[in-house]
Amino acid sequence: RALTKLVWLYLDRNRLNGPLPSSIGALTDLQGLYLHQNRLTRSLPNSLANLTSIRILLLSRNKFMGTIPDIFGNMTGLFSLFLDINKFTGSIPPSLALLDLSWFSIANNSLAADMAFFCNNRSKDDLDFMADCHGNNPEIVCDCCHVCCSDDETSSNLTTTDLGLDFFFGDGKLPGCFNMSDA
């Protein structure tokens, strides 16, 4: 009960495992949730929709699976969303198109989508967007992707520092990912 006024929660790189508890939705004043590089599993709880004050949501490099729930419509202040390097399947929730994101990554999952609904009225200059949109058989069709990745290629030398993401993730390689601004 005392944590309901919590604004920032940094639990990244802690080897947390198991499902993300639905009680996370009780932290309604939360503006930043950093849970990347853990071993969190199962699907995202629908209670995340209660985080209407959230601005930064980093869930990268876990073992989340299933479809990404359509829970983002009320997160109107969300500007950074990282769901990459998980085991998500299916399509992209339509509520994501309503957000004014600056950073968005869904790369290295098993998602399939034509992102025209998302890219409408956006350019690579407005959004740093990473998805599996590179190679002969891309999972994602995207006209506004800043970085395109492929599960089949590992020849890239692109790093988190190259993209200015080392602040969030530290320096590290992004195998199979290519900066489309350079293309």
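A residue is taken as buried when its relative accessible area is under 20%. By this criterion Tyr34 counts as buried in the predicted model, because its relative accessibility is 6%. Tyr34 also belongs to a nonpolar core of 16 residues, separate from the largest one, whose members include Ile56, Val147 and Cys149.

A search of the whole structure for paired aromatic rings returned 6 pairs. In one of them, Tyr34 is stacked with Tyr10, with 4.4 Å from centre to centre and 20 degrees between the planes. This pair links distant parts of the chain, since Tyr10 is located in strand E1 and Tyr34 in strand E3, 24 residues apart. Phe64 and Phe88 form a further stacked pair, for which the centre-to-centre distance is 6.3 Å and the angle between the planes is 10 degrees. Phe64 belongs to strand E6 (residues 63-66) and Phe88 to strand E8 (residues 87-90), so this pair ties together parts that are 24 residues apart in sequence. Both Phe64 and Phe88 are buried. In addition, Phe104, Phe118 and Phe129 make up one aromatic cluster.

Two residues of that cluster, Phe104 and Phe129, also figure prominently in the packing of nonpolar side chains. In soluble globular proteins, nonpolar side chains tend to be buried together. The largest nonpolar core of the model comprises 43 residues, and the members that touch the most other members are Leu33, Phe72, Phe104, Met115, Phe129 and Ile140. Helix H1 and strand E12 each supply at least two residues of this core. With residues up to four places away in sequence left out of the count, Met115 is in contact with Ile92, Phe104, Phe129, Ile140, Val141 and Cys142. Phe104, Phe129 and Ile140 thus appear both as contacts of Met115 and among the core members with the most contacts to other members.

The loop between helix H1 (116-119) and strand E12 (128-131) contains Arg122. Arg122 counts as buried because its relative accessibility is 19%, a value under the 20% limit. Not counting residues up to four places away in sequence, Arg122 touches Leu96, Ala97, Leu99, Leu101, Leu127 and Cys144. For Cys144, which is 22 residues from Arg122 along the chain, the separation of the two C-alpha atoms is 6.5 Å.

Charged side chains were also examined for salt bridges, of which the count is 2. In one, Asp29 is paired with Lys5, and the closest N and O atoms lie 3.6 Å apart. Asp29 is situated in the loop between strand E2 (17-19) and strand E3 (32-34), whereas Lys5 is in the segment before strand E1 (8-10), so the pair ties together parts that are 24 residues apart in sequence. Asp29 is partly exposed, with a relative accessible area of 28%, while Lys5 counts as exposed at 61% relative accessibility. In the other salt bridge, Arg13 is paired with Asp12, and the closest N and O atoms are 2.9 Å apart. Arg13 is partly exposed, its relative accessible area being 41%, whereas Asp12 counts as buried at 17% relative accessibility.

Definitions and conventions. Residues numbered from 1 in each chain as written. Predicted model: local features only at pLDDT ≥ 70, side-chain atom pairs only at ≥ 80, totals over all residues. Heavy atoms only, no water. Helix = DSSP H or I, 4+ residues; strand = E, 2+ residues; numbered from the N terminus. Buried < 20%, exposed > 50% of the residue type's maximum accessible area, 1.4 Å probe, protein only. Contact = heavy atoms within 4.5 Å. Core = buried A, V, L, I, M, F, W, Y, C linked by side-chain atoms within 4.5 Å. Salt bridge = Lys/Arg side-chain N within 4 Å of Asp/Glu carboxyl O. Phe/Tyr/Trp six-rings, centres within 6.5 Å; stacked < 30°, edge-to-face > 60°.
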